[in-house]
Amino acid sequence: MAIIVENVSKQFDSFTALDQVSLEIKNGALVALLGPSGSGKSTLLRTIAGLEVPDSGRIWLANEDATNKTVEERNIGFVFQHYALFKHMTIRQNIGFGLEIRKIPKKAIQSRVNDLMELIQLQGLGERYPNQLSGGQRQRVALARALAVEPEVLLLDEPFGALDAKVRKDLRDWLRKLHDEVNVTTVFVTHDQEEAMEVADEIVVMNKGKIEQIGSPAEIYDHPATPFVMSFIGPVNILNGSSCLLEDRGSSGDSKVFVRPHDVLVEREQTSSNSTPAYVKRLIHLGWEVQVELSLENGETVKAVFTKARFQQLELEVGQKVYVRPNQIKSFASDYVI
């Protein structure tokens with residue numbers, strides 16, 4: 001089912017959660033709503049679901065105006081961050097609950113639940129209760145329950161936010177495979193940039209109730225449309241245009257210039273007239289990569305990142321003098337405020 005959000009606004013007292021938001025989600029897409037707390041992403045998701053009514057604008061589902069339709073009429077599956085499973089029901093009963101409400105025949109419910117138990121890889125655990133499962137297993141049950149009624153749209157509100165990093169990573173991979181198998185239009189909310197880039201086909205970056213940019217993970221990262229997107233998606237050095245690192249780059253003093261850490265080139269010897277002296281301030285080892293904090297002679301701090309192989313080749317040590325220069329920079333209109 002395709003989703004169209006048309007000029008939707010929503011206000012809570014004096015707080016504007018959504019400000020003239022327009023968005024089109026194609027049938028079968030897997031889309032991430034990404035942004036910081038208060039950006040409006042969860043409100044947008046709840047508005048699509050029918051859990052919030054917009055103050056203005058329209059919601060279209062499968063080319064039909066669904067703005068005033070109830071949650072039940074929209075045929076949408078919704079998964080919350082904290083599972084919302086029924087503690088007194090077994091896993092099988094939780095998954096089949098929506099089907100029982102619709103008075104589906106028991107044999108059909110049993111068959112559907114069996115299929116979903118296999119899909120979420122929890123065969124043999126159907127008679128357990130939610131408190132007997134791990135957090136990751138409970139979230140898979142919540143997803144199965146949402147899928148049981150065969151929704152045309154699946155909405156997930158920070159579905160992995162309450163889980164530890166390892167489980168979150170495993171479930172991200174599982175959700176991607178699940179979507180490819182069931183091919184239902186899926187929209188999920190997250191504030192985790194890595195999660196959005198790893199799972200989604202398309203990312204909608206939100207900030208202060210507005211959409212800053214829509215695009216594929218590669219487009220969002222490599223071609224950010226605004227300073228906010230540049231600074232929110234992935235690590236970045238934000239420098240004044242007058243920075244000594246930007247000499248001969250034609251930057252003005254009152255502008256902001258953005259440099260990704262992997263675009264900061266570091267050499268032990270000065271091989272280019274464009275390089276600037278710096279000192280290694282800190283080394284952070286993160287497995288296959290190493291982050292390096294560099295202090296420029298004017299007191300500015302710049303971060304660089306290397307593969308482990310490149311770091312070993314440079315043989316850097318804290319306090320060592322090196323020479324740095326940006327390989328690629330990005331600047332925006334001076335009147336744009338982050």
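These legends go with a set of close-up views of one predicted model. Residue numbers start at 1 in each chain and follow the sequence as written, and side-chain values rest on heavy atoms, with hydrogens and water left out. Because the model is predicted, local features need pLDDT of at least 70 and side-chain atom pairs count only at pLDDT 80 or more, while totals for chains, interfaces and linings use all residues.

**Figure 1. The whole protein chain, before zooming in.** The chain carries nine helices and 18 strands; these are DSSP runs, H or I over at least four residues for helices and E over at least two for strands, numbered from the N terminus. Measured out along the principal axes, its C-alpha atoms fill a box of roughly 80 × 45 × 30 Å. Of its 338 residues, 49% count as buried, where buried means under 20% relative accessible area, exposed means over 50%, and partly exposed is in between (1.4 Å probe, protein chains only). Take the contacts with a separation of 6 or more: 65% of them come from residues 24 or more positions apart. Contact here means heavy atoms within 4.5 Å.

**Figure 2. A salt-bridge network that involves helix 5 and helix 6.** Lys169, Arg172, Glu194, Glu195 and Glu198 are tied together by salt bridges, each one a side-chain nitrogen of Lys or Arg within 4 Å of a carboxyl oxygen of Asp or Glu. One pair to look for is Glu198 with Arg172, at 3.3 Å from N to O. This pair joins distant parts of the chain, with Glu198 in helix 6 (residues 193-199) and Arg172 in helix 5 (residues 165-182), 26 residues apart. Arg172 counts as buried because its relative accessibility is 5%, whereas Glu198 is partly exposed at 28%.

**Figure 3. Two further salt bridges, out of 14 in the structure.** Asp180 pairs with Arg176, and their closest N and O atoms sit 2.7 Å apart. Both residues belong to helix 5 and are four residues apart, about one turn of the helix. The other bridge joins Glu64 to Lys69, with 3.1 Å between the closest N and O atoms. Glu64 has 46% relative accessibility, so it counts as partly exposed; Lys69, at 29%, also counts as partly exposed. As a general point, side chains of opposite charge can pair when their charged atoms come close.

**Figure 4. Helix 3 against helix 4.** Helix 3 (residues 106-119) and helix 4 (residues 135-148) pack at about 140°, with their axes 10 Å apart. The axes are lines fitted to C-alpha atoms over the stretch in contact, and angles run from 0 to 180 degrees between N-to-C directions. The two helices are therefore oblique to each other: under 35 degrees counts as roughly parallel, over 145 as roughly antiparallel, 65 to 115 as roughly perpendicular, and the rest as oblique. Helix 3 passes helix 4 in a right-handed crossing, meaning that the near helix is turned clockwise from the far one by less than a right angle (anticlockwise would be left-handed). Arg112, Leu116 and Leu119 of helix 3 meet Ala144, Leu147 and Ala148 of helix 4. By class, that gives five nonpolar, no polar and one charged residues. Ala, Val, Leu, Ile, Met, Phe, Trp, Tyr, Cys and Pro count as nonpolar, Asp, Glu, Lys and Arg as charged, and the others, Gly among them, as polar.

**Figure 5. Helix 4 again, now with helix 5.** These axes come within 10 Å and cross at roughly 25°, so helix 4 and helix 5 are roughly parallel to each other. Their crossing is right-handed. Helix 4 brings Gly136, Gln139, Arg140, Leu143 and Leu147 to the contact, and helix 5 brings Val167, Leu171, Trp174 and Leu178. Sorted by class, the contact has six nonpolar, two polar and one charged residues.

**Figure 6. Two buried threonines, Thr43 and Thr67.** Thr43 lies in helix 1 (residues 41-49) and is buried because its relative accessible area is 14%. Setting aside residues up to four places away in sequence, Thr43 touches Lys10, Phe12, Ala17 and Leu18. Thr67 is found in the loop between strand 5 (64-65) and strand 6 (76-79), and its relative accessible area is 6%. Beyond its neighbours within four places in sequence, Thr67 contacts Pro54, Gly57, Arg58, Ile59 and Arg74. Glu52 is 15 residues from Thr67 in sequence, and their C-alpha atoms are 9.9 Å apart in space.
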